[in-house]
Amino acid sequence: MKQIRGKVGGLDVHRDGVVACTRVTMPDGEVEVAKGRFKTTQAGLAELTAFLMDAGVNTVAMEATGIYWRTVYYALEGLFEELWLCNAAHVKNVPGRKTDLSDAEWLADVAAHGMVRPSFVPPPDIRELRELTRYRKTQVDARAKEIQRLEKVLQDAGVKLTSVASTVWSVSSRAMIEAMIGGERDSVVLADMAKGVMRNKTDRLEEALESNFGAHHAILCRQVIDHLDFLDRSIATLSAEICERLVPFEPQVALLTSIPGISAATAQVIVAETGADMSRFPTAGHLCAWAGLAPASDESAGKKRPAGTRKGAPWLRRALVEAARAASRTKGSYYSAQYSRIARRRGPNKAAVAVAHSMLDTAWHLLSTGALYQDPGADYFERRHDPAIEAKRLQRRIEALGFAVTIEKKAA
């Protein structure tokens with residue numbers, strides 16, 4: 001195989017150490033290989049940097065090993081012409097006499113011959129923003145689990161609050177639960193704490209709040225509510241920090257939020273995961289494939305088998321699928337029509353992924369051109385057909401039912 005790069009370094013990264021191999025092609029064509037082991041402390045990384053620079057390598061390739069690659073990558077960033085982070089599945093060595101040294105040498109070899117492609121690593125400011133948006137999502141998920149846990153405690157106590165109220169966690173529900181924690185057991189008094197439209201359900205609330213709420217239930221509910229308050233404060237703090245860091249990206253966020261179903265929070269995730277720089281992705285298809293929203297391929301012996309979607313960016317994919325489900329409920333929009341057409345034939349989950357693909361495709365074009373989104377409308381799929389051909393098709397269907405029909409063109 002033709003060699004593309006003559007001075008390459010390969011790094012096999014672990015938690016406490018990194019194994020480095022340099023592969024340098026000399027003017028006479030001979031290949032010189034040098035190997036070494038280094039710690040992942042700052043002092044060890046300084047020795048690693050000196051080792052690579054002394055060898056004169058231009059390209060350094062490393063595997064994406066958990067989060068351990070980050071320390072090494074950040075230490076080498078900007079010091080070499082090319083610094084590659086490679087998918088470990090793409091550089092898997094053949095089984096046999098495997099060692100860390102051979103892994104590093106193999107990585108240098110495949111990089112030198114162009115047998116692997118680097119992964120997308122955003123610039124430092126986007127990486128920091130990405131950490132914030134991802135942690136906020138974990139806090140939101142934790143909050144949802146705590147609300148589910150509160151519902152389990154109330155059900156164990158025989159409190160059938162969600163049989164009447166739409167959710168277990170609202171202003172009215174919290175007031176009633178706080179009162180029960182404080183020792184109130186009279187269902188009439190508790191039901192009278194309802195606010196807003198829930199006051200129309202007082203009779204049903206009185207019956208639902210008759211329970212066996214005990215002291216241990218009060219302790220559990222107190223802990224859950226305190227945790228929910230903490231999570232609310234944490235989410236608010238993270239959101240404020242994210243908004244502050246996104247000030248330079250306000251035009252991009254405005255473009256993304258013009259798409260039905262994409263909220264400000266989802267737009268923030270798209271910016272944090274992609275960097276909002278669409279020049280990194282040659283086409284919209286490249287971006288959708290990178291996000292894991294494009295079909296995978298599985299072909300062997302001339303036969304193609306269903307393979308689902310590609311593996312991609314899980315945080316971006318999840319945010320877009322959630323946005324797609326929201327867009328499917330936006331009446332009169334193109335995405336709601338697309339979702340309905342696909343869901344009838346292939347089910348709601350595949351329809352959501354298809355809509356998410358379309359939304360990300362649209363986002364690529366908006367961020368590339370700077371134009372606001374113009375919705376084609378829910379009747380797009382009907383308008384794209386020739387009216388005369390569609391009329392004849394409908395005429396044939398009506399006649400097949402046993403009716404006679406005459407079609408005349410409407411006067412302008």
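Helices here are DSSP runs of H or I with at least four residues, numbered from the N terminus. The model is predicted.

**Exercise 1. Place Gly182 and classify its accessibility.**

Task: State which helices flank Gly182, and decide whether Gly182 is buried or exposed.

Solution.
- Step 1. Locate the residue. Gly182 sits in the loop that joins α5 to α6 (187–191).
- Step 2. Apply the cut-off. Exposed means over 50% relative accessible area. Gly182 has 71%, so Gly182 counts as exposed.
- Step 3. Check a distant partner in sequence. Arg222 is 40 residues apart from Gly182 along the chain, and their C-alpha atoms are separated by 9.8 Å.

**Exercise 2. Do the same for Thr41.**

Task: Find the loop that holds Thr41 and give its accessibility class.

Solution.
- Step 1. Thr41 belongs to the loop between β3 (31–39) and α1 (42–55).
- Step 2. The partly exposed class lies between 20% and 50%. Thr41 has 44% relative accessibility, so Thr41 is partly exposed.
- Step 3. Thr41 and Arg15 are 26 residues apart along the chain, with 10.0 Å between their C-alpha atoms.

**Exercise 3. Describe the surroundings of Met62.**

Task: Work out where Met62 lies, whether Met62 is buried or exposed, and which residues it touches.

Solution.
- Step 1. Met62 is part of strand β4 (residues 59–63).
- Step 2. Its relative accessible area is 0%, so Met62 is buried.
- Step 3. Set aside neighbours within four places in sequence. The contacts of Met62 then include Leu11, Val13, Trp69, Val72 and Tyr73. Leu76, Leu83, Trp84, Leu85, Cys86 and Leu107 also touch Met62.
- Step 4. Compare with a remote residue. Glu151 is 89 residues apart from Met62 in sequence and 47 Å apart in space, C-alpha to C-alpha.

**Exercise 4. Examine Glu273 and Ala276.**

Task: Give the accessibility class of Glu273 and of Ala276, and say what the phi of Ala276 is.

Solution.
- Step 1. Glu273 lies in helix α10 (residues 264–274). Its relative accessible area is 1%, so Glu273 is buried.
- Step 2. List the contacts, not counting residues up to four places away in sequence. Glu273 touches Arg130 and Arg134, along with Phe120, Trp290, Trp315 and Leu316.
- Step 3. Move to the loop between α10 and α11 (284–290), which holds Ala276. At 9% relative accessible area, Ala276 is buried.
- Step 4. Recall the background. Most residues other than glycine have a negative phi. Ala276 is not a glycine, yet its phi is positive, about 65°.

**Exercise 5. Check the helix spans.**

Task: Compare the end-to-end reach of α8 and of α14 with the expected value for each.

Solution.
- Step 1. Helix α8 (residues 215–245) has 31 residues. From first C-alpha to last, α8 reaches 46 Å, close to the 45 Å expected.
- Step 2. α14 has 22 residues and reaches 31 Å, close to the 32 Å expected.
- Step 3. Look past the end of α14. Gly370 follows, with a positive phi near 80°.
- Step 4. Return to α8 for burial. Its buried residues include His217, Cys221, Asp229, Ser234 and Ile242. Among the elements covering them are α4 (124–156), α5 (171–181) and α10.

**Exercise 6. Describe how α9 packs.**

Task: State how α9 crosses α14 and α10, and which residues make each contact.

Solution.
- Step 1. Choose the descriptors. Two packed helices are described by the angle and the distance between their axes.
- Step 2. The axes of α9 (residues 250–257) and α14 (residues 348–369) come within 10 Å and cross at roughly 140°. That angle makes α9 oblique to α14. The crossing is right-handed.
- Step 3. Gln252, Leu255 and Leu256 of α9 meet Ala363, Leu366 and Leu367 of α14. This contact has 5 nonpolar, 1 polar and no charged residues.
- Step 4. Turn to α10. The axes of α9 and α10 come within 9 Å and cross at roughly 125°. That makes α9 oblique to α10. The crossing of α9 and α10 is right-handed.
- Step 5. Val253, Leu256 and Thr257 of α9 make this contact with Ala264, Ala267, Ile270 and Val271 of α10. By class, the contact of α9 with α10 has 6 nonpolar, 1 polar and no charged residues.

Note on methods: Residues numbered from 1 in each chain as written. Predicted model: local features only at pLDDT ≥ 70, side-chain atom pairs only at ≥ 80, totals over all residues. Heavy atoms only, no water. Axes fitted to C-alpha atoms, helices over the stretch in contact; angles between N-to-C directions. Helix = DSSP H or I, 4+ residues; strand = E, 2+ residues; numbered from the N terminus. Parallel < 35°, antiparallel > 145°, perpendicular 65-115°, else oblique. Left-handed = near helix turned anticlockwise from the far one by under 90°. Contact = heavy atoms within 4.5 Å. Nonpolar A, V, L, I, M, F, W, Y, C, P; charged D, E, K, R; others polar. Buried < 20%, exposed > 50% of the residue type's maximum accessible area, 1.4 Å probe, protein only. Expected span 1.5 Å × (residues − 1).
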